[in-house]
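Subject: Structure for your records, with notes

Dear colleague,

Here is the structure I said I would pass on. My notes on it follow below.

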Amino acid sequence: MKKTGLAIMLASMLAIIPAFSTFAQSTTRKEKKDYSLQNENRLLRQQIDSLQKALDEALSNHAAVSARLEASHAEQRPQGGHGAPTFTLGADAKDSISLWEAQELIAKEKQPEFNLDSVRLSSSVSDDIYHERLKAMNNIFTLPYNDIVRNYMVLYSERMKTRMETILGLCSYYYPYFYETFNKYGLPEELVNITIIESALNPMAMSYVGARGMWQFMYATGKEYGLEINSYIDERCDPYKAADAAARLLRNSYKTFGDWALVISAYNCGPGNVDRAIMRAGGKRDYWSIYPYLPTETRGYAPAFVGALYAVTYYKEHGIKPKPAALPEKVDTFQVKKKLHFQQINSLVGVPISELRNLNPQYVHDIIPGGKTYILRIPAQYTESFIEHEDSVYVHMADSLFNPTIVKKIEAAGNGAKGSGGGRVSYKVKSGDTLGKIASKYHVSVDQIKKWNGLKSTNIRVGQTLYIYGSGGSSYSSSSSSSSSKTTSSSSSSSSSGSYTYYTVKSGDTLYSISQKYARVSVADIQKANGIGTNIKPGQKLKIPNK
């Protein structure tokens, strides 16, 4: 038990009592007739007795306070069980923020620019406490407590408090459904925290390589798992349908790897990259053995998952107060089979366009395409009004909203529309190329390239054209980085070509200072585009994604 400063001082004073007593007794024997010394001795003993009593009371109070704090922490921690942590939100409705405001808050909080492999973040929490909490967490895989894991725990719980307050508010809204979906497939509930790392629970998140939605599916993988993606609809942005697809993807990946740390790493970089890391590690299949052989941007993915789970579990201990998003507590769903525009619903039923977009982010142009059954979600308080106007809502304003010019423009965009992630890259095989090398370059799997190009083996020839789908992005998910808008700066050290601007590093540049020169580009975007860590040098040319 640690003593307070007062307790330590008093204890030190008590330590001199025996010496003083011996001195006093000796003096009394030598000068028995000196009553003044005897009086002084008596007074000092009374003072020491008083100090002893004060010390006892201080130590007793300290023990009581410690016991109360420990009991309080025990109440806040999850009490075992299979499920992931739950959240108790005490904020009133007036304290909630819109979904748009939530994403703005997340985007505007600058994430610290650290190489978490090579630094040790300072923290107000001791290593012993972090270690004990890590052991007590209901985690689906065990990572040893080391500086990398600790750094991510500190990052999510201490360095990104504003971000986590907003994220936790979104968790309280979306997680109950995600838990239900993952339970349906027999998956650990903790896996839903992937959405924190991938998108900060932004249903409209998009990475520079074209991964979209809260679960960050690439075009090809989304199609593979049954998500509809066309000029009208992108179900990667539907949090619920994408959650079902993600659950099936994770279940299939676990059948391959049998280890959740490898599964969530594969979710980020694709199973092919994890397979190659296992081969390079001599067949070892534990996370830390393959760690050095994973793509740079994936190495921290499992520790980041642990850091996010730690913040979700122990947010109260760090003084983080969830900030609820102003999303309706009760929602009704309708089956829609005809073409329907959000403006028609807004005009006749009264549902605000912003709420329709928040609840139905998969409809790219505010249009439910019809032709087959689609789901429309609206706040429950508008249910009666929608039923009342259901017969007339489809024809209301239809001539102006669905005029041939608008429809032709939308349908002409097709799957290749900007931001859909559905583009196709043509790659001409060069000398020295292998399918594995090309797959790694575009963050897809060898099997996908074979499937897309009708290849029966891995043999390719120089000059052969291969088609890569999904804007050359990851075969599974590719982490999205939210950043605040920045003003694009024209500089003599940069030149534009295609989807990238090329920047020549100058003396004194850092990745952060460079990212500030370009609109909507983050440090993570630059790292991904160039396959680098945090080290750059003057004269080096960097690719800056055009956004």
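Start with Phe141: setting aside neighbours within four places in sequence, Phe141 is in contact with Trp260, Ala261, Ile264, Ala302, Phe305 and Val306. Please keep in mind throughout that this is a predicted model. Phe141 is also, together with Tyr156 and Trp215, one of the residues with the most contacts inside the largest nonpolar core, a set of 83 residues. Helix α15, residues 301-314, gives the most to this core, contributing 11 residues. There is a second, separate core of 18 residues, and Leu356, Ile368, Tyr374 and Tyr382 are among its members. As background, nonpolar side chains in soluble globular proteins tend to be buried together.

For the chain as a whole, I count 24 helices and 9 strands. Of the 547 residues in the protein chain, 47% are buried. Taking contacts between residues at least 6 apart in sequence, 72% join residues at least 24 apart.

Helix α6

Helix α6 covers residues 147-159, and the distance between its end C-alpha atoms is only 16 Å. A straight helix of 13 residues would span 18 Å at 1.5 Å a residue. How much of α6 is buried? The count is 10 of its 13 residues, so α6 is largely enclosed by the rest of the structure. The buried residues run through Ile148, Val149, Arg150, Asn151, Tyr152, Met153, Val154, Leu155, Tyr156 and Ser157. They pack against α5 (127-136), α7 (161-184), α8 (194-199), α13 (287-290) and α15. Tyr156, in this buried stretch, is the residue already named for its contacts in the largest core.

Helix pairs

Two helix pairs are worth setting out.

The first is α5 with α15. Their axes are 11 Å apart and the packing angle is about 90°. Angles of 65 to 115 degrees count as roughly perpendicular, and α5 and α15 are therefore roughly perpendicular to each other. On the α5 side the contact involves Tyr130, Arg133, Leu134 and Ala136, which meet Val306, Tyr310 and Tyr314 of α15. By class, the residues of this contact are 6 nonpolar, no polar and 1 charged. Val306 appears here as well as in the list of contacts of Phe141.

The second is α11 (residues 260-269) with α12 (residues 271-280). These pack at an angle of about 125°, with axes 7 Å apart. The two helices are therefore oblique to each other. From α11 the contact takes Leu262, Ser265, Ala266 and Cys269, and from α12 it takes Pro271, Asn273, Val274 and Ile278. The classes here are 6 nonpolar, 2 polar and no charged residues.

Asn273, part of that contact, can also be paired with a residue remote from it in sequence. Ala439 and Asn273 are 166 residues apart in sequence, yet 9.0 Å apart in space, C-alpha to C-alpha. Ala439 is found in helix α21, residues 435-442, and is buried, with a relative accessible area of 0%.

Individual residues

Which residues have a positive phi without being glycine? Ala200 is one, with phi of about 55°, and Met397 is another, at about 60°. Ala200 is placed in the loop between α8 and α9 (219-224), whereas Met397 is in the loop between α18 (383-393) and α19 (398-401). Their surroundings can be compared by accessibility: Ala200 is buried, at 1% relative accessible area, while Met397 is partly exposed, at 31%.

Ser199 lies in helix α8. Ser199 is buried, with a relative accessible area of 2%. Apart from neighbours within four places in sequence, its contacts are Ala205, Gly213, Met214 and Gln216.

Finally, Tyr518 is in the loop between α23 (511-515) and α24 (523-530). At 6% relative accessibility, Tyr518 counts as buried, since the cut-off for buried is under 20%. Tyr518 is 17 residues from Thr501 in sequence, and the two are 9.5 Å apart in space, C-alpha to C-alpha.

With regards

Terms used. Residues numbered from 1 in each chain as written. Predicted model: local features only at pLDDT ≥ 70, side-chain atom pairs only at ≥ 80, totals over all residues. Heavy atoms only, no water. Axes fitted to C-alpha atoms, helices over the stretch in contact; angles between N-to-C directions. Helix = DSSP H or I, 4+ residues; strand = E, 2+ residues; numbered from the N terminus. Parallel < 35°, antiparallel > 145°, perpendicular 65-115°, else oblique. Contact = heavy atoms within 4.5 Å. Nonpolar A, V, L, I, M, F, W, Y, C, P; charged D, E, K, R; others polar. Core = buried A, V, L, I, M, F, W, Y, C linked by side-chain atoms within 4.5 Å. Buried < 20%, exposed > 50% of the residue type's maximum accessible area, 1.4 Å probe, protein only. Expected span 1.5 Å × (residues − 1).
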